[in-house]
Amino acid sequence: MRDTGHIHRVDWTDPALKRRLAARHRSDGYLRLIGGAALGAACLVFALLVGSLVYAGYPAFTQTHVTLQFDVTGDRVALDAPDAGNYRAITRDALGQLFPEVTSRKDQRALAGILSNGAQYILRDHIVANPGLIGHTITLTVPVSDPYDQLAKGLIDAATPEANRRLNDAEIAWFQKLQADGAVSRPLNTGLLTNPDSRFPELAGLAGALRGTFYALLVCFLISFPVGISAGIYLEEFAPKNRFTDMIEVNINNLAAVPSVVFGLLALAVFLGWFGLPRSAPLVGGMTLALMTLPTIIIATRVAVKAVPPSIRDAALSLGASQHQVVLGHVVPLAMPGILTGTIIGLAQALGETAPLLLIGMNAFITQVPDSMLEPATALPTQIFIWADSPERGFATRTSAAICVLLAFLVAMNAVAIYLRKRFERQW
Amino acid sequence: MNQMVIEKDVALQQGAKFTTRNVDVFYGDAQAIKSIDMDIPDKTVTAFIGPSGCGKSTFLRCLNRMNDTIPICRVSGEILLDGDDIYARSVDPAQLRARVGMVFQKPNPFPKSIYDNVAYGPRIHGLAASKTDLDIIVEESLARASLWNEVKDRLDQPGTGLSGGQQQRLCIARAIATAPEVLLMDEPCSALDPIATARVEELIDELRQNYAIIIVTHSMQQAARVSQRTAFFHLGVMVEQGETPKIFTNPDDKRTQDYITGRFG
C-alpha cells in the first residue's frame, strides 16, 4: 500500500489560483463567442441568399391582367370552325374601342401590344370550349404583355429619358388610363406553375420543367433505390472481407465525390451515343441522376445496416434463422428508416443537379409539357438556367421565382427526411 | 430444489446428450480453447464456471455453432449431439440451432409483439400446420417459461415493453418454442435484479425435467443452487468437471479449489 504520510494540500483561496480560474472561464467565453459568431455568420449569409432571392422573385408571383369586352361577332368567327376565327382582330378591336383617338397604324400596333401575344389564344380556347358565345360580347380577363407587367409592378422607372425606356410616354399614358378605369388587376400568377415555357415571359411557366423533373426523379428512384439497397446489403452482410471488396468500397466512396458534370459526359457518350436514346429525354436524365445517387444510397444503406445491433442478429440466428432470413426479416426492416432518410437526401441532391442534365440536352427550349419520358423536356434547374440567359425583364424576376420554387421543394424533401429520421430513431 | 444425491448417476447412465472430444477454438492465430473433453448429460443442469475470459462463453457457442458467424473463428475437434457430429457437412446449422436453443446475457426480444416473438422460431421452421397449432405452441412455451399468466391479455403488445425479468423469460419462451432438446444459457441472470434472478432460477429448475440445460455463470452461488454438474474453466482449458456438490466441497484440482475459495475471480 502507498505511504500516505505526507498529504498534498491545496490552498483554494490562493489569488493566483483564482486568476487562473478566471482565465479558464474567459477561455470558455471566447470559445462560445467564436462558435456563436461562426453560426451567426452562416445564418447571415443564408438569410442574405434567401432574402435576395425572395426580393428579386416575389414580383413574379403575381401577373398583371386586364379585363376587356371582346365582340365575338359572326363574321370573325365561323360557327362550324370556331378554332379558325380571327381572334387577333377581335383583341385589337377590344382595345381600339377604348382608345378611339388612336388612329395611325403604328400607334394601333403599339396599342395592341398592351395585351399579351397569348391573349388571342386564350380567347380562342374560351370560345372553342363555349361555342354558344359566338355572336355575343363577352368579358374576359387576359394577361398583359411583359413590359406593361413590369410597369404595373413599378419596375420601369418613368424618370429615365424616353429614348432609353422600353415604353414611351404615350404607351404609359394608355396603360394609366386603363388602370384608372379599374380594368387592370394583378391576381396570383398561377401560370408560373401551370404553363409550359414560352417566348413571352408573361405566359411562361414551370409546368414542363416540373413534369420533366418529376419523370427524371421517378426514373432515378426506380433505378437507384433497388440497386443501391441490394448492393449495400450485399456488401455489408454477404460479401467476404478481402482486398477486392475493400477496393469496391473505396471506389464507391470516390464515386460519391466525382463532379456531376463527369456523369453528364458519361451519359452523353454512352446513353445518347451508344444506346441512341432520345436527346433531352427525362428517361436519360433519370438514368444519369441514378448513377449519381447510387453511391449515396449504397453508403446510407451500409451505415444503417451497421447500426442494427448484433444482439438482434444473434437472437434470430440462435433460433435457427438462415442468413437471408436474418437479413431480410430483421436487419433490413430495422435499417429501413436510415435507408429511407439517406435515399430522400440523395434524391433531394439529384433534384438540384444541373450540369449532367445540361450535357444531355435538357436545356432545350420546349414549349409543351411532355407526355412521356421519351419526349424532350427540361428540368427545374435547367429551366432556371435557360431563363437566366433570357434578356426580357420578366424572365429576370421569373428566374428568381423559379429558384424559390426549387428551394421550396428541397426544403420540403429534407424536412420529410429529418421528420422520418426523428420519428423512427430507435434508442438501442 | 437440488436433488443432488439421488440423481447422481442417473444422468450419466442415460448417456450423454453432448459429447465433446479434443475441441480447440482459434480466433485467428490465438487459441482460445484447448482440447476440451466433456460429457453433458440430458435432463440435467450443467454449469460452466470460471474467471472472466476463460473461454466458457466461447465453448458454449461452439455447441450450437454460433461461432460459425465469426469469420476468424476456427473450431476443431469432435462435438457430438446424441452421437452425431454437429460439424458434419450434412448438418444444417439452422436446424441444429432449432434443436439447441440459446438464451443470451442481455435480454434481446425482437421489436415485435410478444406473440410474434415466441412464434418466430416455429414459423421459420414450419413447425405449426395452422394458426391454431401456432397459438397452442405459443401458449405452451409462455406457460413453460412461467410468463403466460402475466402476458396472456397483451400478446399483441411489443416484447420490448416488458420489464427486464419478463423480457428474459420471453427470450426463454422464444427459445423453447422450437422444442429444442438442449438449452444453452449464457449468464442469463447477470442483467437482472435479485427477484427476477430468483424467478429465472426457479424456471431453470422446472425446465430441466424436459431439457438438458447448460448455464454459464459468474456466480458460484448460482451454480451451486441451480446445477447438478459443474465444469470449471481456466485460461481456455477445462480444469475439472463433476458433480456439483463435489466440485464445491472437495475439488480434485488446486486451481478449482483456489477459484472456489475466492483466491482469484
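Two strands pair if DSSP finds at least two bridges between them, and that is the sense of pairing used in these legends, which accompany close-up views of a predicted model.

**View 1. Leu184(B) stands opposite Ile214(B) where two strands of chain B meet.** Ile214(B) belongs to strand S8 (residues 212–216) of chain B. Five bridges hold S7(B) and S8(B) together, and the two run parallel. To get from S7(B) to S8(B), the chain passes through helix H8 (residues 194–207) of chain B, making a right-handed β-α-β crossover.

**View 2. Strand S7(B) is mostly covered.** How many of the residues of S7(B) are buried? Five of its five are. In a regular strand, the side chains alternate between the two faces of the sheet. Here, Val182(B), Leu184(B) and Asp186(B) lie on one side, with Leu183(B) and Met185(B) on the other, and all are buried, leaving both faces of S7(B) covered.

**View 3. On another side, S7(B) meets strand S6(B) in the parallel sense.** Four bridges link S6(B) with S7(B), which spans residues 182–186. Follow them residue by residue: Val100(B) has Val182(B) as its bridge partner, and Gly101(B) stands opposite Leu183(B). Helix H7 (residues 164–176) of chain B lies across both S6(B) and S7(B). The direction of helix H7(B) is at about 170 degrees to that of S6(B).

**View 4. These strands belong to an open, six-stranded sheet in chain B.** Reading across the sheet, the order is S6-S7-S8-S3-S9-S10, and the pairing is mixed. Which strands stand at the edges? They are S6 (100–103) and S10 (237–243) of chain B; each has a single partner strand, so one side of each is left without a neighbour in the sheet. From one strand to the next, the twist averages 15 degrees.

**View 5. Stepping back, chain B holds 11 helices and 10 strands.** Its C-alpha atoms fill a box of roughly 55 × 40 × 35 Å along the principal axes. The radius of gyration of chain B is 18 Å, which agrees with the value near 18 Å for a compact globule of 265 residues. Of those 265 residues, 45% count as buried. Looking at contacts in chain B with a separation of 6 or more, 69% come from residues 24 or more positions apart.

**View 6. Chain B meets chain A through 20 of its residues, and chain A contributes 13.** Which elements of chain B each supply at least two residues to the side that touches chain A? Helix H3 (93–99), strand S6 and helix H4 (114–125) of chain B do. The edge strand S6(B) of View 4 thus returns here as part of the contact with chain A. By kind, the residues on this side of chain B divide into nine nonpolar, eight polar and three charged.

**View 7. Chain A has an open sheet of three strands.** The pairing in this sheet is antiparallel, and the strands come in the order S2-S1-S3. S2 (137–143) and S3 (184–185) of chain A are its edge strands, each pairing on one side only. Two bridges join S1 (residues 65–71) of chain A to S3(A), and Val66(A) has Val184(A) as its bridge partner there. Helix H4 (residues 119–129) of chain A packs on the sheet and touches S1(A) and S2(A). The direction of this helix makes about 135 degrees with that of S2(A).

Terms used
Residues are numbered from 1 along each chain as its sequence is written. Chains are lettered from A and ligands numbered from 1 in the order in which they are written. This is a predicted model: local features need pLDDT of at least 70, side-chain atom pairs count only at pLDDT 80 or more; totals for chains, interfaces and linings use all residues. Axes are lines fitted to C-alpha atoms, for helices over the stretch in contact, and angles run from 0 to 180 degrees between N-to-C directions. Two residues are in contact if their C-beta atoms, placed from the backbone, lie within 7 Å. The radius of gyration is taken over C-alpha atoms; the globule rule is 2.2 Å times the number of residues to the power 0.38. A residue is buried if 20 or more other C-beta atoms lie within 10 Å of its own, exposed if 12 or fewer, and partly exposed in between; C-beta atoms are placed from the backbone. A crossover is right-handed if, with the strands pointing away from the viewer, the path from the first strand over the helix to the second runs clockwise. Ala, Val, Leu, Ile, Met, Phe, Trp, Tyr, Cys and Pro count as nonpolar, Asp, Glu, Lys and Arg as charged, and the others, Gly among them, as polar.
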